[in-house]
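Here are a few exercises to work through with the viewer open. Try each task before you read its solution.

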Amino acid sequence: MTHQRPALDLLNDIGRGKLARELTEALHELNTACLETGKKGQLQLRLTVEPDKDAPRDRFRVSTDIQVKAPKLGVRPSLFYVTDDGNLTRTDPNQEAFEPLRGLDGDADDTTLSTSSRKKAN
């Protein structure tokens, strides 16, 4: 049986360890996104092995591609109403508007009293 070099050894050699570092960072980012969203994600490492046309027959070029499909936080949609003119508005055009609230004339002094002052007064 021939000796087969472990694939992880090759991954550590690619780019003098750069691929392993990038893969680790990508996996960490993916884990964080999955944790924040509660959704699944995907990390894909693609190795392309091709003979080196400019060299002897037993030399190969190995290129890499890391792709991360991280889940995204859902953004709640904004709700709008459509007016008769076809415009969008945040207020329901079919609902009557309320007039602003006003204080009572006799309560003006009462609003300046603190809670403890009111208890003493009573």
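## Exercise 1: the Glu22 salt bridge

At 35% relative accessibility, Glu22 counts as partly exposed. Keep in mind that this is a predicted model.

**Task.** Which residue forms a salt bridge with Glu22, and how far apart are the closest N and O atoms?

**Solution.**
- Step 1: look for the partner. Glu22 pairs with Lys18, and their closest N and O atoms are 3.8 Å apart. That passes, because the cut-off for a salt bridge is within 4 Å.
- Step 2: place the two along the chain. Both sit in helix 2 (residues 18-37), four residues apart, so about one helical turn separates them.
- Step 3: check the partner's cover. Lys18 has a relative accessible area of 46%, which makes Lys18 partly exposed.

## Exercise 2: the other salt bridges

**Task.** How many salt bridges does a search of the whole structure find, and which residues are linked in a network?

**Solution.**
- Step 1: get the total. The search turns up four salt bridges.
- Step 2: take Asp13. Its side chain meets that of Arg5 at 2.1 Å, N to O. Asp13 is partly exposed at 47% relative accessibility, and Arg5 is partly exposed too, at 46%.
- Step 3: go on to Asp52. Here the side chain of Arg59 makes a salt bridge with Asp52, at 2.7 Å from N to O.
- Step 4: widen the view. Asp52, Arg59 and Arg61 are linked in a network of salt bridges.
- Step 5: work out the exposure. Asp52 has a relative accessible area of 7%, so Asp52 is buried; the limit is under 20%. Arg59, at 43%, counts as partly exposed.

## Exercise 3: a nonpolar patch

**Task.** Which residues make the nonpolar surface patch of about 410 Å², and which elements give two or more residues to the patch?

**Solution.**
- Step 1: list the members. They are Leu10, Leu47, Val49, Phe60 and Val62.
- Step 2: map them to elements. Strand 1 (42-51) and strand 2 (60-69) each give two or more residues to this nonpolar patch.
- Step 3: try one member. Leu47 belongs to strand 1 and is partly exposed at 36% relative accessibility. Leu47 can therefore pass the patch filter on area, because that filter asks for over 30%.

## Exercise 4: rings and charges

**Task.** How many aromatic pairs are there, and which residue lies over the face of Phe80?

**Solution.**
- Step 1: count ring pairs. The count is zero.
- Step 2: look for a charge over a ring. Arg90 lies over the face of Phe80, 5.3 Å from the ring centre.

## Exercise 5: the whole chain

**Task.** What pattern of helices and strands does the protein chain follow, and what share of its residues counts as buried?

**Solution.**
- Step 1: count elements. There are three helices and four strands.
- Step 2: put them in order. Along the sequence they read α-α-β-β-β-β-α.
- Step 3: check burial. Of 122 residues, 8% count as buried.
- Step 4: look at the surface. The accessible area is about 11600 Å², with 51% belonging to carbon and sulfur atoms.
- Step 5: look at contacts. Among those between residues at least 6 apart in sequence, 38% join residues at least 24 apart.
- Step 6: finish with one pair. Asn31, in helix 2, is partly exposed at 44% relative accessibility. The C-alpha atoms of Asn31 and Gly41 are 8.2 Å apart, with their positions ten residues apart along the chain.

Notes
Residues are numbered from 1 along each chain as its sequence is written. This is a predicted model: local features need pLDDT of at least 70, side-chain atom pairs count only at pLDDT 80 or more; totals for chains, interfaces and linings use all residues. Side-chain values use heavy atoms; hydrogens and water are left out. Buried means under 20% relative accessible area, exposed over 50%, partly exposed in between (1.4 Å probe, protein chains only). Contact means heavy atoms within 4.5 Å. Accessible areas come from the Shrake-Rupley method with a 1.4 Å probe; for residues, only the protein chains shown count as cover. Patches are made of residues with over 30% relative accessible area and no salt bridge: like charges are joined within 9 Å, nonpolar side chains (Val, Leu, Ile, Met, Phe, Trp, Tyr) within 5 Å. Rings of Phe, Tyr and Trp (its six-membered ring) pair if their centres lie within 6.5 Å; planes under 30 degrees apart count as stacked, over 60 as edge-to-face and the rest as tilted. A charge sits over a ring if NZ of Lys or CZ of Arg is within 6 Å of the ring centre and within 35 degrees of the ring normal.
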